[in-house]
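Trainee: Could you take me on a close look at one part of this model? I would like to see how a loop sits there, and then what the packing is like elsewhere.

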Amino acid sequence: MKKNLEEIKKELKDLLVESLSLEDIEPQEIGDDEPLFEEDGVGLDSLDGVEVVVMLQRNYGLDVKDMQKGKEIFQSINTLADYVVKNAGEFS
Amino acid sequence: MIQIHSIGMVSTHGRGAGALEKAMEGPWRPPGRVTVPGIEHPVPAFTVPDEVLKDKTVLKNMRRADRTSKMATIAACDAWHKSGLENVSPDRTGVLVATGLGPHVRTFKFLNGILDFGDASVSPTDFSHSVHNAAAGYITTRLRTHGPVQTLTDFDFAFNHALTVAECMLARRRCDAVLAGAVEELGEVMLHVCSRMADVPADGRPSPVAFSDNPSAVPGEGAVFFALTRPDENAEGPFITAVNAAGPEPDITILDAEGLSGPESGYLPVASASASVANYTPFFGSMMTGNAFQCAIAAMMVRSGRRFASQPNAGERDIKHCGKGYQKAAETIDCIKLDKEGHKRTIRIDKTYR
Amino acid sequence: MLYIAGYRSYESYTSYKPHEFYESYESPQNAMSERKILITGLGAVSAAGENLSETLRTLDSGKRKPEPTTLFETEVDRPVFEARRFQKATTSKARPTSRTAELTLHAAREALAEAGNPHLVSGIRIGVCLGTTVACQLNNLPFYRQYRESGRPDLQPVKDFLSGNLAAVAAAAFACQGPRSTVVNACSSGADAIGTALCWLRAGLCDVAVAGGADELNRVPLCGFNSLGIMSHTPCRPFDRNRDGLNLGEGAGILILETEQSARLRGSESNLRLAGYASSCDAHHLTAPHPEGLGLKLAIKNALADASLRPRDIGFVNAHGTATPDNDQVEGAALKTMFGDEVRYFSTKGLTGHTLGAAGALEAVFTALNLKEGWIPGNAGFTEPDPAIPVPPVTGKMNVNARGALSSSLAFGGSNAALVFCKK
């Protein structure tokens with residue numbers, strides 16, 4: 001079934017909170033443009049970064065092998081969702 | 001010899017040694033039961049209630065941590081904050097964690113990833129938390145200590161080894177304070193294993209001083225930590241002698257017959273020669289590092305001058321069991337453990353420096 | 001069994017008087033004559049060789065050939081350093097044990113033989129202190145799959161696990177009755193086990209110690225390190241500008257440590273000492289090192305003080321050097337801070353891979369061996385200096401006539417360890 005961009009964003013937020021065991025934050029509180037890996041954003045760290053790689057693998061069959069490229073993709077929910085839409089076949 | 005300043009504990013009765021003390025004052029109560037795959041009846045187990053592990057202050061920045069790390073961190077931090085040793089330099093504070101099975105529940109979670117998603121799609125968070133020293137990493141990060149840190153494992157004597165290392169670190173003045181303790185977590189796989197390998201009594205009441213070659217065990221979990229320093233001979237104590245000392249007969253001999261280390265008939269000669277025999281496993285459950293809990297109770301007894309009644313189930317033998325009715329305060333308590341090969345290790349708790 | 005008069009009985013291990021323990025450290029007289037701890041035997045097995053002489057040849061030649069694993073099936077296609085030439089001893093009396101245990105016993109036999117087999121002398125109190133990461137985990141996949149599928153798995157793997165504590169297995173194999181401990185400090189386990197044995201010997205808890213570490217190449221940590229994104233697709237390049245991760249390896253390293261008095265009684269000689277050890281903690285992050293190497297610098301400083309040596313006494317450093325971007329940058333900078341611009345350091349992980357619980361122990365063996373032989377190897381895998389690392393590693397084999405040497409280890413959980421070796 002085809003999902004639209006908004007649905008993917010919502011799904012990504014749910015996945016982030018669950019797979020990173022984020023505390024004190026509800027999925028809907030994550031802003032679409034909020035920096036994921038900055039202190040004044042969601043505040044994720046390097047270990048979360050590799051966990052996001054696994055999250056994309058398991059849920060969308062996407063392989064982010066180059067962590068430099070990963071840094072660009074993982075900037076925010078918007079960039080993540082763009083990447084998923086462009087690369088995951090069943091959603092495009 | 002090392003001096004105990006304080007104890008931090010997480011047990012089935014809640015947080016703090018006081019919670020266990022309170023439970024030991026009242027009548028014995030059976031533990032809860034856990035439904036375990038592959039086992040017909042729910043298995044009695046002394047589990048730590050989830051709400052005990054919900055302290056948002058102590059467990060800050062521990063969103064990824066599992067129960068092993070959380071139990072150990074709470075017990076270690078509580079011991080530290082009650083110790084009066086906060087002025088010791090962080091560079092000179094050591095942390096020692098003893099464990100039989102380590103974070104094995106996390107290991108199985110990681111294995112789930114391999115079986116469900118394949119070798120190349122497993123969780124790095126689960127992997128990094130499945131190493132035995134994850135708990136020590138959390139404790140030192142929370143307390144900001146930079147001194148020596150070591151996690152050690154043994155199925156019988158891990159806590160004894162930790163005390164030996166603590167004594168060496170303190171004696172060599174590598175550290176001025178050491179937090180040493182033990183942690184064990186219960187998960188469904190080990191409950192399954194325990195149910196099939198040990199005799200788990202249906203009523204949840206182990207018989208630790210029955211000297212049986214097919215001993216009973218009721219699995220438990222928890223963490224206990226001690227804040228330790230070099231001995232000050234004028235201090236009130238209590239003091240730990242980590243290895244056997246040729247000294248006076250102890251007032252109480254605690255036999256750490258927890259049911260997990262094979263035949264227990266080897267304890268009989270020790271018990272027969274003892275002035276007063278005790279075991280407190282029925283209050284916190286069988287654990288590979290359960291002697292750390294026995295030692296904590298011993299320390300509580302010599303400090304307060306009171307005795308807790310042992311919970312023997314087999315009273316027919318000619319053994320003098322430690323009972324509440326016996327009023328003389330205990331000053332020296334030995335905690336003895338035997339392994340499968342019959343090696344005997346003793347930890348002595350003394351009220352005074354001798 | 002050989003009898004030599006003068007050893008204390010086994011029982012005295014557990015019956016010293018509490019006062020003596022502290023007095024042995026605290027009286028000035030005793031401090032002056034502190035027990036010196038000799039290294040009377042070494043043993044090593046890894047991809048770099050199945051014994052010491054093979055290992056020395058590999059350190060000399062720098063030849064290496066990491067390949068995809070043959071020990072188990074896996075989807076993780078990365079080069080690894082298997083101990084291919086290692087053959088399990090057929091004479092092993094012990095019941096079937098893990099590959100990790102077999103590697104341990106293999107290296108321990110070599111080390112004990114060089115030391116003149118102290119375990120065959122009656123009355124010697126021998127301690128066993130070993131580090132590991134794999135042997136302490138019940139990570140048996142067939143057992144767990146069976147548990148999930150049938151709910152009624154065969155329990156033999158659990159029974160094997162419960163009788164497989166590494167130090168207990170080695171103590172039983174060589175009938176050692178002294179203290180024993182298995183150290184599980186992740187990747188610094190081997191170094192910490194050796195340091196702990198040093199503490200025992202100084203405290204008089206034993207006369208001899210079998211100390212070191214071991215790990216087999218195992219599917220579970222292979223998957224784990226892969227998931228962390230820190231494994232290279234190529235032979236690893238420690239401290240190189242283009243380093244992109246580690247290769248896993250396997251092996252065991254064992255040192256026989258002995259008090260001077262015990263060695264004298266046995267007529268055993270050695271001009272190598274284990275002079276100092278320190279452990280420290282970053283208190284920073286579970287998987288990332290402290291960016292300024294705070295814990296590592298503290299461990300090095302304290303280990304030098306423990307050995308009563310100055311930084312300039314240290315002729316070379318066998319670094320942890322895993323070839324991950326973070327580790328090598330932090331470690332290279334810390335070594336420069338502690339030892340200055342002239343620091344000679346290298347990683348041997350380009351020849352063995354990262355052997356986890358064995359790493360600190362294998363590198364301790366290499367450090368002792370190089371100090372004795374008077375030369376050090378070049379840093380295998382290094383070609384291009386990294387501007388972010390202030391001093392490059394040693395690039396080729398060179399002669400070094402030094403009084404002392406140091407080996408450093410860093411680990412998950414923020415543990416750091418440093419061992420200092422010294423000529424007598």
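Mentor: Happy to! A residue counts as buried under 20% relative accessible area, as exposed over 50%, and as partly exposed in between. Keep in mind that this is a predicted model.

Let us start with N117(C), which sits in the loop between helix 4 (99-114) and strand 4 (121-122) of chain C. Its relative accessible area is 27%, so N117(C) is partly exposed. Along the chain, N117(C) and I256(C) are 139 residues apart, yet their C-alpha atoms are separated by 9.8 Å.

P118(C) belongs to the loop between helix 4 and strand 4 of chain C as well. With a relative accessible area of 0%, P118(C) is buried. What surrounds P118(C), leaving aside its neighbours within four places in sequence? The residues in contact with P118(C) are L112(C), I124(C), I126(C), V208(C), I256(C) and R266(C). I256(C) therefore turns up twice: as a contact of P118(C), and as the residue whose C-alpha atom is 9.8 Å from that of N117(C). For another distance, take P118(C) and A167(C), which are 17 Å apart in space, C-alpha to C-alpha, and 49 residues apart in sequence.Now for the packing elsewhere. In soluble globular proteins, nonpolar side chains tend to be buried together. The largest nonpolar core here has 76 residues, and F143(C) and L248(C) touch the most other members. Helix 2 (residues 67-82) of chain B supplies the largest share of this core, eight residues. A second, separate core holds 60 residues, including A17(B), F46(B), V178(B) and A330(B).

F143(C) has contacts in two chains. Leaving aside neighbours within four places in sequence, F143(C) is in contact with F108(B), V189(B) and V193(B) in chain B, and in chain C with L138(C), P153(C), D154(C), L155(C), P157(C) and V158(C).

Helix 2 of chain B also packs against helix 5 (residues 134-143) of chain B, at an angle of about 40° and with the axes 9 Å apart. That angle makes helix 2 of chain B oblique to helix 5 of chain B. The crossing of these two helices of chain B is right-handed. On the helix 2 side, the residues that meet helix 5 are T68(B), S69(B), A72(B), T73(B), A76(B), C77(B), W80(B) and H81(B). Helix 5 brings A134(B), A135(B), Y138(B), I139(B), R142(B) and L143(B) to this contact. By type, the residues of the contact are nine nonpolar, four polar and one charged.

Methods
Residues are numbered from 1 along each chain as its sequence is written. Chains are lettered from A and ligands numbered from 1 in the order in which they are written. This is a predicted model: local features need pLDDT of at least 70, side-chain atom pairs count only at pLDDT 80 or more; totals for chains, interfaces and linings use all residues. Side-chain values use heavy atoms; hydrogens and water are left out. A nonpolar core is a set of buried Ala, Val, Leu, Ile, Met, Phe, Trp, Tyr and Cys residues joined through side-chain atoms within 4.5 Å. Buried means under 20% relative accessible area, exposed over 50%, partly exposed in between (1.4 Å probe, protein chains only). Helices (H or I, at least four residues) and strands (E, at least two) are DSSP runs, numbered from the N terminus. Contact means heavy atoms within 4.5 Å. Axes are lines fitted to C-alpha atoms, for helices over the stretch in contact, and angles run from 0 to 180 degrees between N-to-C directions. Angles under 35 degrees count as roughly parallel, over 145 as roughly antiparallel, 65 to 115 as roughly perpendicular and the rest as oblique. A crossing is left-handed if the near helix is turned anticlockwise from the far one by less than a right angle, and right-handed if clockwise. Ala, Val, Leu, Ile, Met, Phe, Trp, Tyr, Cys and Pro count as nonpolar, Asp, Glu, Lys and Arg as charged, and the others, Gly among them, as polar.
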